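I opened this entry to keep a record of what I looked up, going from single residues to the helix pair and then to the chain as a whole.

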Amino acid sequence: MLNLILTIIQVLCGLAVIAVVMLQSGKSAGLSGAIAGGADTFLSKNKAKSLDAKLAKMTKWVAILWIIITLVLSLI
């Protein structure tokens, strides 16, 4: 029973990681990101409060949870 519950949680975490990664914007915003590269330093002051920063944190924690559950499932 525990194996089934952990497998379901693992699948949900995997889907969550995929969704959160797909929601993040790319590091280079195409040609406009290459041309306006100097604006990144000015705009990076509020980067910690942006949606991309929150999505990056969420990606990290959900991926860590997925790895832990995978390790636990391999030991069961």
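Entry 1, Gln 10. I began with the neighbours of Gln 10 and, leaving aside residues up to four places away in sequence, I found that Gln 10 touches Trp 66, Ile 69, Thr 70 and Leu 73. I note for everything below that the model is a predicted one. Gln 10 has its place in helix H1, and since its relative accessibility is 16%, under the 20% limit, I entered it as buried.

Entry 2, Ile 69. I turned next to one of the partners of Gln 10, namely Ile 69, which is found in helix H4. Ile 69 has a relative accessible area of 7%, and I therefore list it as buried. Its own contacts, again not counting residues up to four places away in sequence, are Leu 6, Ile 9, Gln 10 and Cys 13. For the pair Ile 69 and Cys 13 I also looked up the C-alpha to C-alpha distance, which is 9.2 Å, with their positions 56 residues apart in sequence.

Entry 3, Leu 6. With the same exclusion of residues up to four places away in sequence, I recorded that Leu 6 touches Ile 69, Val 72, Leu 73 and Ile 76.

Entry 4, the helix pair. I then asked at what angle helix H1 and helix H4 pack, and how far apart their axes are. Helix H1, residues 2–23, and helix H4, residues 51–75, pack at an angle of about 155°, and their axes are 9 Å apart. Because angles over 145 degrees count as roughly antiparallel, I describe H1 as roughly antiparallel to H4. The crossing of the two helices, H1 and H4, is left-handed. On the H1 side the contact is made by residues including Asn 3, Thr 7, Gly 14, Ala 16, Val 20 and Val 21, and on the H4 side by residues including Leu 55, Met 58, Thr 59, Leu 65 and Trp 66. Sorted by class, the contact of H1 with H4 comes to 17 nonpolar and six polar residues, with no charged ones.

Entry 5, the core. Which residues make up the largest nonpolar core? I found six residues there, namely Leu 6, Cys 13, Val 17, Val 62, Ile 69 and Leu 73. At least two residues of this core come from H1, and at least two from H4.

Entry 6, two residues checked against Val 17. I looked up Ala 63, which lies in helix H4, and found its C-alpha atom separated from that of Val 17 by 6.4 Å, although the two are 46 residues apart along the chain. With 26% relative accessibility, Ala 63 counts as partly exposed. Is Trp 61 buried or exposed? Trp 61, also found in helix H4, has a relative accessibility of 54%, over the 50% limit, so I entered it as exposed. The C-alpha atoms of Trp 61 and Val 17 are separated by 9.3 Å, with their positions 44 residues apart along the chain.

Entry 7, the whole chain. I closed with the totals: the protein chain has four helices and zero strands, and its elements run α-α-α-α from the N terminus on. Of its 76 residues, 14% count as buried. Among contacts between residues at least 6 apart in sequence, 97% join residues at least 24 apart.

Definitions and conventions:
Residues are numbered from 1 along each chain as its sequence is written. This is a predicted model: local features need pLDDT of at least 70, side-chain atom pairs count only at pLDDT 80 or more; totals for chains, interfaces and linings use all residues. Side-chain values use heavy atoms; hydrogens and water are left out. Axes are lines fitted to C-alpha atoms, for helices over the stretch in contact, and angles run from 0 to 180 degrees between N-to-C directions. Angles under 35 degrees count as roughly parallel, over 145 as roughly antiparallel, 65 to 115 as roughly perpendicular and the rest as oblique. A crossing is left-handed if the near helix is turned anticlockwise from the far one by less than a right angle, and right-handed if clockwise. Contact means heavy atoms within 4.5 Å. Ala, Val, Leu, Ile, Met, Phe, Trp, Tyr, Cys and Pro count as nonpolar, Asp, Glu, Lys and Arg as charged, and the others, Gly among them, as polar. A nonpolar core is a set of buried Ala, Val, Leu, Ile, Met, Phe, Trp, Tyr and Cys residues joined through side-chain atoms within 4.5 Å. Buried means under 20% relative accessible area, exposed over 50%, partly exposed in between (1.4 Å probe, protein chains only).
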